[in-house]
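The following exercises are meant to be worked through with the structure in view. Try each task before reading its solution.

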Amino acid sequence: MPEDADRDEPVRVNFRFRRELAQKIEGNLASFCYQCGACVGDCPATTYSSGFNPREIMLKVLYGLEDELLGSESVLWQCTNCYNCHERCPQEVKPVEVIISLKNMLAARGIYPEVVSKIIGTFETTGRTVRITSAIDRQRAKFGLPPLPPVPMDEVRILLEPDTGTDEEE
Amino acid sequence: MKRFAFFPGCLIPARYPAMEFAIRQVLPRLGIEIVDLEGSSCCPDPIYFKSKDKLSWLAVAARNLSLAEDLGLDVVTNCSGCTATLSEAIHLLEDDILKKKVNDRLGRIGREYKGTTRVRHIATVVRDEVGYERVRESVVRPLEGLKVAIHYGCHLLKPSKIMQVDNPDNPQVMERLVEALGATAIRHRNWYLCCGKACQTEDIPMNMMHDLLTTVKAAETDILGMICPTCFSQFDYGQMKISKKFDEVFDIPPVYYFQLLAFAQGIPYEKLGFDSQRFKPECLLRF
Ligand code: SF4
Ligand code: SF4
């Protein structure tokens, strides 16, 4: 519940936030969350961090607590992407996928940790997540392996361009 | 010979060519032929690029899959991350609306995703197409008495409905594959724990790895059997960092399963790149 919610005040849901999230692939799945907590027990980020709890994150999504979810120090980056919550949820909410969709919203606002933006940058310029250097090809040659072929980036770049339609992110 | 389109991904060919070498050595001996998937890119990775833009991530994955469709072959992967991305893409693209969106993008480069290919991780290909018995028969150097702790990692098994590899709560494939080499597979107490590599904070992965290494150590095994190159980097380079930070001795050599298989099939230790590991599995030299 929002911290400043007065007991007599009705809860206000930020539907604009939820509509934006719903446009991401599988972003809308939190709507099926009935807050049972089955996703919590096997969540390593919950075990190792007091600030992280996938059930609570789903609740904040349901309320649309944008400021708490999408701040620059967002707790979302603590998720280890282990997929245990996806495995355990009886409602097929796929909490980890909702979290990734929320990260897409962070990205749209230009907020992500340096290590994340670095790897994304490598992918967007080379088509791989590891930069290919002559040292790598020398290592490969030791095992009789050919140099790594370049990725056809002309094709990949065209695929990365956003759609012109109306249903993409605003 | 059963043929597959080989999707090597980024991490193994770039950082761990010894793993790729081993795969290319062992598969023909098991009756599996692999055809290189020309023009493929990063799968793309299911952690970083996916967290920027799921739709673009899906479009690039669909392009990779369409390359295999052109060859009329199923895809074999060697990395749990690639397996996760490509399997999930196939799952998501069963949705007609999403498939149309993605095909609109692929149309820009004259490609189409049809949905005619499957993705199989190399371990499941060996289990299902070759069988444990034939793996056993291919061994010329049985690893009798070698104790191998097993680390599955997360993405090979979960989400199980999409990955369709094994029961995530009681998987068998790694144990059976290790036993086919004559070695003893051991499930350490924290076998289920994630390696933490895909977590973007400092402390959580450190503490997780510390707990993981503590139970691996308590199991008193010779090596740690790995199936995922990302987990491998956590247990090789990462293990060194944990030892320093916690001022404790952790020195279990991680070994990628297909290098172990290659060794058991008779490929000399020196040829398998073990010397470039931070923790070298010198215990294998007794075989
Ligand atoms: S397991 Fe599913 S339904 Fe239950 S709290 Fe977690 S996300 Fe919600
Ligand atoms: S994927 Fe993230 S939220 Fe889900 S169980 Fe793992 S760490 Fe927790």
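## Exercise 1: the surroundings of a ligand

Helix 2 (44-48), helix 5 (84-88) and helix 6 (95-108) of chain A each contribute at least two residues to the shell around ligand 2, where helices are DSSP runs of H or I with at least four residues, strands are runs of E with at least two, and both are numbered from the N terminus. This is a predicted model, in which local features need pLDDT of at least 70 and side-chain atom pairs count only at pLDDT 80 or more, while totals for chains, interfaces and linings use all residues. Residues are numbered from 1 along each chain, and chains are lettered from A and ligands numbered from 1 in the order in which they are written.

**Task.** Find how many residues surround ligand 2.

**Solution.** Counting residues with a heavy atom within 4 Å of the ligand, one finds 14, and the closest are Cys43(A), Cys79(A), Cys82(A), Tyr83(A) and Cys85(A).

## Exercise 2: a sheet in chain B

**Task.** Establish the strand order of the open sheet in chain B, and then determine which helices lie against the strands.

**Solution.** First, the four strands follow the order 2-1-3-4 with parallel pairing, a pair requiring at least two DSSP bridges. Strand 2 (32-36) and strand 4 (119-121) of chain B form the edges, each pairing on one side only. Next, strand 3 (residues 75-77) of chain B is joined to strand 4 of chain B by three bridges, and Val75(B) stands opposite Val119(B) in strand 4 of chain B. Finally, helix 5 (residues 80-92) of chain B packs on the sheet, touching strand 1 (2-7), strand 3 and strand 4 of chain B, where contact means heavy atoms within 4.5 Å, while helix 7 (residues 122-130) of chain B lies across strand 1, strand 2, strand 3 and strand 4 of chain B.

Notes:
Heavy atoms only, no water. Axes fitted to C-alpha atoms, helices over the stretch in contact; angles between N-to-C directions.
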